[in-house]
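This report covers selected strands and helices of one model. The sequence and structure come first, and the description follows.

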Amino acid sequence: MKKVLVALSGGVDSSTTAYLLKQQGFDVSALTLKLYDSHSRASVSLQAIEDAKKVCDFLNIKHYVLDLQKEFQDTIINNFITSYLSATTPNPCILCNEKIKFGLLLDYAKKEGFDYLATGHYAKIEKTDDEYKLKIGKDKSKDQTYFLYRLTQNELKNLMFPLADYTKEEIRNIATSANLPVANKPDSQEICFIEKTYHEFLQKNIKDFNKKVLPGLIVDVNGKKLGKHKGLIFYTIGQRSGLGITTPEPVYVLKMDKATNTLIVGTKKDVFSRVAKIKDITFVSNKFDGNNFKADVKIRRMHEPASALISKDIILFNNEQASVTPGQSAVFYDGPYVIGGGIII
């Protein structure tokens, strides 16, 4: 009997994951990560642990709690803060999956003798003759492969995504039919440590905020002064509202120049680009060399995949794309399969 450790957040997806695996005859245990008690989301973290324990008691499986608060602070939250201070827009969920869930937690699972780590992600792992593939699952509206693109063969061989062949509605129905204690629990927001807005979080957590986040000029593409911004962290590429300036036609944020503390804006046509440069590129397959290949590329989770040619660290899109944003990830697809991806610079 294979031993499986379920990463149990206390939500309906991970709880149903544990239920399905037990129904399938696996030797199931569950673990809840303690990540941010020292922040304003402490009550949410404690509630998650309590909910997870109720589910484990209901399913009669062992429940563990692993305290990774320091690691989460050092790796995820600090990166979130420094990215915004560097005038880029980070994606903490991608980094958390790579470093925490499928890094430290997977290492823990292996060390404790588990054959697999299972999570409630909506994605599919497909085993071929000689390797594992990461694929979009049944529920395309809930697809989470964008957040998982940094997985490699080293991790995929020890992972299970039991929700791959279900829709979210089907999972809710299974949880309800099974009388799971969290069957009616609302879905959580994507950034778990943000209570209200990321602006408020940054203001609370950046030391000497008023010295590090300073007002500066808003200029157009020709350098003409249009007004003042209140600090670059309050803006993102493609933003139109909340700029506090009046112009003959709508303008959008094109660039945040950290060196000069300047916000550069332009008209709708200026928002589009055919080229993106990327760094920290990874591939799912060990056999992929990554030189000069065609792929469909997503530059945000909800972005429609766009055809492109990738040549080393340059993406050349067939058609112009709106709001290519430094700090976000560009993820490469071959149909429903994830090839890999990198971080936009």
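Why is strand E17 (residues 337-344) largely enclosed by the rest of the structure? Six of the eight residues of E17 are buried, so the strand is largely enclosed. Buried means under 20% relative accessible area, against over 50% for exposed and in between for partly exposed (1.4 Å probe, protein chains only). Strands (E, at least two residues) and helices (H or I, at least four) are DSSP runs, numbered from the N terminus.

The model is predicted: local features need pLDDT of at least 70 and side-chain atom pairs count only at pLDDT 80 or more, while totals for chains, interfaces and linings use all residues. Residues are numbered from 1 along each chain as its sequence is written, and side-chain values use heavy atoms, with hydrogens and water left out.

**Strand pairing**

Two strands pair if DSSP finds at least two bridges between them. Strands of a sheet pair through backbone hydrogen bonds, either parallel or antiparallel. The table lists three antiparallel pairs.

| Strands | Bridges | One bridge pair |
|---|---|---|
| E12 (residues 272-283) and E17 | four | Ile278 and Ile344 |
| E16 (residues 329-334) and E17 | six | Phe332 and Gly340 |
| E10 and E11 (residues 262-266) | five | Lys255 and Ile264 |

E17 thus has E12 and E16 as antiparallel partners. E16 and E17 form a hairpin with two residues between the strands, where Gly335 takes a positive phi near 65°.

**The four-stranded sheet**

E10 and E11 belong to an open sheet of four strands, in the order E9-E8-E11-E10 and with mixed pairing. Strands E9 (225-229) and E10 (252-257) stand at the edges with a single partner strand each, so one side of each has no neighbour in the sheet. From one strand to the next, the twist averages 30°. Axes here are lines fitted to C-alpha atoms, for helices over the stretch in contact, and angles run from 0 to 180 degrees between N-to-C directions.

**Helices H3 and H4**

The axes of helix H3 (residues 69-85) and helix H4 (residues 92-111) come within 10 Å and cross at roughly 165°. H3 and H4 are therefore roughly antiparallel, a term for angles over 145 degrees (under 35 is roughly parallel, 65 to 115 roughly perpendicular, the rest oblique).

Glu71, Phe72, Thr75, Ile76, Asn79 and Phe80 in H3 meet Pro92, Leu95, Cys96, Lys99, Ile100 and Leu104 in H4, with contact meaning heavy atoms within 4.5 Å. By class, eight of these residues are nonpolar, two polar and two charged. Ala, Val, Leu, Ile, Met, Phe, Trp, Tyr, Cys and Pro count as nonpolar, Asp, Glu, Lys and Arg as charged, and the others, Gly among them, as polar.
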